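Reader: Hey, I'm new to this one. Can you walk me through it?

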Amino acid sequence: MLGRPPARPEAAQAAPWPQAQPIRMIVPFGAGGATDIAARVIAQEMTGVLGQSIVLENRGGAGSTLGTGYVARAAADGYTLLITTISGLAIGQTLYRDRIQYDADRSFAHVAIMMGTPYLLCVDPRLPIRSLAEYLAAARAKPMDYGTSGVGGVAHLLGLRLARATGVVLEHVPYRGSTQAITDVMAGVVPSVLDSLTATSAHLRSGALRPLATSAPQRSPDFPEVPTFRELGYPDVVADGWAGLAAPAGTPRPVLEKLAEAVRHAQGTANVQRRFAETATTAGRLYLDEAQAFVRQEVAAWAPVIQASGITPD
């Protein structure tokens with residue numbers, strides 16, 4: 001499929017969707033991160049319903065705005081889709097408002113919110129830090145570095161909120177993705193990381209990372225020993241991450257409905273359920289109009305948070 005030449009416009013119009021050409025699914029991040037891995041598992045299972053191959057393409061950069069903008073400008077024919085995330089759309093809509101030419105709501109037809117995950121503050125287990133209180137005490141004695149998957153993401157904002165709520169100095173160390181941030185903590189390059197439960201769960205189970213607190217409203221049933229920031233006295237350090245699927249605005253409704261059907265099917269397969277269980281990821285349950293409304297609400301909810309933080313893309 002990768003070697004097939006692009007379909008001629010007249011062929012694409014004549015063939016019923018999705019038989020004209022492979023479907024391209026754009027991941028606006030580098031390869032290997034939690035969202036990228038989950039998207040590949042879901043895409044693999046969607047092909048059975050659609051009867052067409054799906055080719056994932058990583059177009060990372062500029063806080064995910066490059067890949068997101070690329071899909072916003074693509075033809076609304078169902079052959080170019082976007083993996084959406086809270087960082088790329090809900091936060092990026094406000095953070096990058098002077099640099100982007102698309103709107104998180106009006107530029108996209110949202111197909112589904114496919115998965116959800118909270119964030120965790122984790123440390124190198126070789127450090128003598130076993131609780132959030134000890135972490136904050138260490139940060140009061142000396143500014144504490146924390147790695148994240150990039151500037152302007154949920155993890156970065158949670159770190160800012162924690163620093164402001166406690167008065168400690170937390171130095172943000174942005175990476176180009178989750179994988180390198182987590183690897184550097186395990187290698188002792190940085191002492192701590194804020195990242196999703198999806199990305200960190202395997203390392204928590206192996207003991208390679210020590211969790212201190214989670215941004216979820218309640219404790220995770222998979223890691224019930226990890227307290228929430230809320231119960232530890234920091235009610236503003238609460239957020240759930242999410243990832244979804246969208247098409248360019250104007251994509252025909254029957255195409256969107258078939259894509260939503262394929263996502264539902266994928267979420268119910270043993271392969272996806274096993275992968276979600278391994279990474280403590282929650283399956284999303286919002287589709288089409290509900291997914292569209294959810295993204296709209298998320299943009300509105302995060303806008304004042306970003307504005308109050310004073311954070312800039314630079």
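Reader: Let's start with Arg106: is it buried or exposed?

Author: Arg106 is exposed, and its relative accessible area comes to 66%. Keep in mind that this is a predicted model.

Reader: Okay, and what does Asp103 form a salt bridge with?

Author: With Arg106; the closest N and O atoms of that pair are 3.4 Å apart.

Reader: So is Asp103 buried or exposed?

Author: Asp103 is buried, because its relative accessible area is 15% and the cut-off for buried is under 20%. Its partner Arg106, at 66%, is exposed.

Reader: How many salt bridges does the structure hold?

Author: Eleven salt bridges. As a general point, side chains of opposite charge can pair when their charged atoms come close.

Reader: Which residues are linked in a network of salt bridges?

Author: Arg24, Glu57 and Arg59 are tied together in such a network.

Reader: Switching topic, what about helix α10? Which side chain meets Arg274 in a salt bridge?

Author: That would be Glu278, with an N to O distance of 2.9 Å. The two residues sit four apart in helix α10, so about one helical turn separates them.

Reader: Which other residue forms a salt bridge with Glu278?

Author: Arg275 does, and here the closest N and O atoms are 3.5 Å apart. Arg275 and Glu278 are three residues apart in helix α10, about one turn of the helix.

Reader: And how exposed are Arg274, Arg275 and Glu278?

Author: Each one counts as partly exposed. Arg274 has 44% relative accessibility, Glu278 has 34%, and Arg275 has a relative accessible area of 25%.

Reader: Which residues does helix α10 span, and how do the axes of α9 and α10 cross?

Author: Helix α10 covers residues 270-278, while α9 covers residues 253-268. Their axes come within 5 Å and cross at roughly 65°.

Reader: Which residues make that contact?

Author: On the α9 side, Ala266, Gln267 and Gly268; on the α10 side, Ala270, Val272 and Gln273.

Reader: How do the residues of that contact divide into nonpolar, polar and charged?

Author: Three are nonpolar, three are polar and none is charged in the contact of α9 with α10.

Definitions and conventions
Residues are numbered from 1 along each chain as its sequence is written. This is a predicted model: local features need pLDDT of at least 70, side-chain atom pairs count only at pLDDT 80 or more; totals for chains, interfaces and linings use all residues. Side-chain values use heavy atoms; hydrogens and water are left out. Axes are lines fitted to C-alpha atoms, for helices over the stretch in contact, and angles run from 0 to 180 degrees between N-to-C directions. Contact means heavy atoms within 4.5 Å. Ala, Val, Leu, Ile, Met, Phe, Trp, Tyr, Cys and Pro count as nonpolar, Asp, Glu, Lys and Arg as charged, and the others, Gly among them, as polar. A salt bridge is a side-chain nitrogen of Lys or Arg within 4 Å of a carboxyl oxygen of Asp or Glu. Buried means under 20% relative accessible area, exposed over 50%, partly exposed in between (1.4 Å probe, protein chains only).
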